[in-house]
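Subject: A structure for you to look at

Hello,

I am passing on the structure we talked about, and I hope you enjoy looking through it. My notes follow below.

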Amino acid sequence: MTPTFWQYLLAGNLRGTKAHEIVESIRGGGLNPVSALLSHPLLTAAERKAVQGADLRAFETFMRQGGQVIERPPYRGGLDHTQYPPVLFGRGDLSGLVGPTIGIVGTRQATSYGQTVARRFASELAAAGVTVISGGALGIDACAHEGALETGKSVAVLPCGADIAYPPAHKELFSRMGLVSPFAVGAKQRDYTFLERNAIIAALSDALLVVEVPAKSGATRTAIAAIEQGKQVYVIPGPITSPSFFGSHALIRDGATLVVHPENILAEYGIESAVAPAPAEIDLTTLGGRILAALEGEPITAEKLSSRVGSEVAEVLTELTILEMEGRVVRAGVGYALSL
């Protein structure tokens, strides 16, 4: 099939088995694929109109500028591939899709704790050779992409055409990474495209990491898609009183795996961390050093630590997250203590 054929097909918003059935009926038929598609009897009137309206100008520009057509996308696990688009359009560095992949998702309204965790997990996973896949959105998605790009590769699945930077604020970020889309070039984002984007994130990932999600969140839909696909879902816990983590904790209650360090995930796939252990000495000129010096044998709350080290609670919580991921601090009940 020609690249132009795929642009026409995706413009028709044909999903799942119907798209595959039409492709297989045309493949090897001897007719011009585009002509066969435009007159195909399985198309509804609305679908035929959408196919005929394919934006060829945007598509030609996209291909001239290095756009790619990914036939037989590398969907992971024992999926029924006929339930997913037969092709994806992409641009940028997509080489990481053939190696181990982890999807990282979370809320757009992320706390500083969630942002720090997303960046740290993504950075260490990418350093170990794992490609981080997310949705390119504000908040957790952006932090995951940025963290991964510090040490390795990242790919975003867009809710619009692969030629469009959405959100526009991430145009520079997108220029440094791989982008894929299950939609026609030139297609604008719609409410339903976010749901389809979320399913593709899960399908391209070996497993999914949920960083921070409230009770109602698109990231929760991605987790549900991953579970339905038979994928492992990992969840990072947060404060039990924070609404930003109510969805995260619900996933844990329903059987998702709680993780507190990237090594928890890497170990399950037999991948060795590439990050060197944290130094044992304490530098009292840093906030982390002052926190370590202030910890005692009994767990201490973040509020009490804040008072002892003279920093805001939010700053202390962020630093505690880093120290916890470095294995120097452990969470104990409502407080924190030095790791043994």
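In which loop is Arg72 found? Arg72 sits in the loop between S1 and S2. Please keep in mind as you read that this is a predicted model. Arg72 caught my eye through its backbone: its phi is positive, about 50°, although the residue is not a glycine. With a relative accessible area of 66%, Arg72 is exposed.

Asn13 is another residue with a positive phi, near 55°, and it is not a glycine either. You will find Asn13 just after H1, in the loop between H1 and H2. Asn13 is partly exposed, with a relative accessible area of 40%.

One more backbone point before the sheet. The peptide bond from Tyr166 to Pro167 is cis, with omega near 0°. Pro167 belongs to the loop between S5 and helix H8 (171-174).

**The sheet**

The sheet is open and has 9 strands, in the order S1-S2-S6-S5-S4-S3-S7-S8-S9, with mixed pairing. S1 and strand S9 (257-258) are at the edges with a single partner strand each, so one side of each has no neighbour in the sheet. Helix H5 packs on the sheet, where it touches S1 and S2, and its direction makes about 60° with that of S2.

Strand S6 (residues 178-181) is a good place to see both kinds of pairing. On one side, strand S2 (residues 87-91) pairs with S6 in the antiparallel sense over 3 bridges; here Phe89 has Ser181 as its bridge partner in S6. Strand S5 (residues 154-157) runs parallel to S6 and is joined to it by 3 bridges, with Val180 of S6 as the bridge partner of Val157.

In a regular strand, side chains alternate between the two faces of the sheet. What does that give for S6, whose faces are both covered? Gly178 and Val180 are buried on one side, and Leu179 and Ser181 are buried on the other.

Further along, strand S3 (residues 101-105) pairs with strand S7 (residues 207-210) in the parallel sense over 4 bridges. One of the bridge partners to look for is Ala207 in S7, opposite Ile102.

Val105 also lies in S3, and it is buried, with a relative accessible area of 3%. Setting aside neighbours within four places in sequence, Val105 is in contact with Ser134, Ile140, Asp141, Ile201, Leu208, Leu209, Val210, Val211, Glu212, Ala219 and Thr222. Of these, Ile201 is 96 residues away from Val105 in sequence, while their C-alpha atoms are 9.1 Å apart in space.

**The N-terminal helix**

Is helix H1 (residues 3-11) mostly covered or mostly open? Mostly covered: 7 of its 9 residues are buried. The buried residues are Phe5, Trp6, Gln7, Tyr8, Leu9, Leu10 and Ala11. Their cover includes helix H2 (16-26), helix H3 (33-38), helix H4 (45-52), helix H5 (56-64), strand S1 (68-71) and S2.

**Helices H13, H14 and H15**

Two packed helices are described by the angle between their axes and the distance between the axes. Helix H13 (residues 287-294) packs against helix H14 (residues 302-309) at an angle of about 110°, and the axes are 10 Å apart. H13 is therefore roughly perpendicular to H14, and the crossing is right-handed. From H13, Leu287, Arg290, Ile291 and Ala294 meet Leu305, Arg308 and Val309 of H14. The residues in this contact are 5 nonpolar and 2 charged, with no polar ones.

H14 also packs with helix H15 (residues 313-325): their axes cross at roughly 105° and come within 9 Å. These two helices are therefore roughly perpendicular as well. H14 brings Ala302, Glu303, Leu305, Ser306 and Val309 to the contact, and H15 brings Val313, Val316, Leu317 and Leu320. That contact is made up of 7 nonpolar residues, 1 polar and 1 charged. Leu305 and Val309 of H14 appear in the contact with H13 and in the contact with H15.

Happy viewing, and do write back with your thoughts.

Best wishes

Terms used: Residues are numbered from 1 along each chain as its sequence is written. This is a predicted model: local features need pLDDT of at least 70, side-chain atom pairs count only at pLDDT 80 or more; totals for chains, interfaces and linings use all residues. Side-chain values use heavy atoms; hydrogens and water are left out. Buried means under 20% relative accessible area, exposed over 50%, partly exposed in between (1.4 Å probe, protein chains only). Two strands pair if DSSP finds at least two bridges between them. Axes are lines fitted to C-alpha atoms, for helices over the stretch in contact, and angles run from 0 to 180 degrees between N-to-C directions. Angles under 35 degrees count as roughly parallel, over 145 as roughly antiparallel, 65 to 115 as roughly perpendicular and the rest as oblique. A crossing is left-handed if the near helix is turned anticlockwise from the far one by less than a right angle, and right-handed if clockwise. Contact means heavy atoms within 4.5 Å. Ala, Val, Leu, Ile, Met, Phe, Trp, Tyr, Cys and Pro count as nonpolar, Asp, Glu, Lys and Arg as charged, and the others, Gly among them, as polar.
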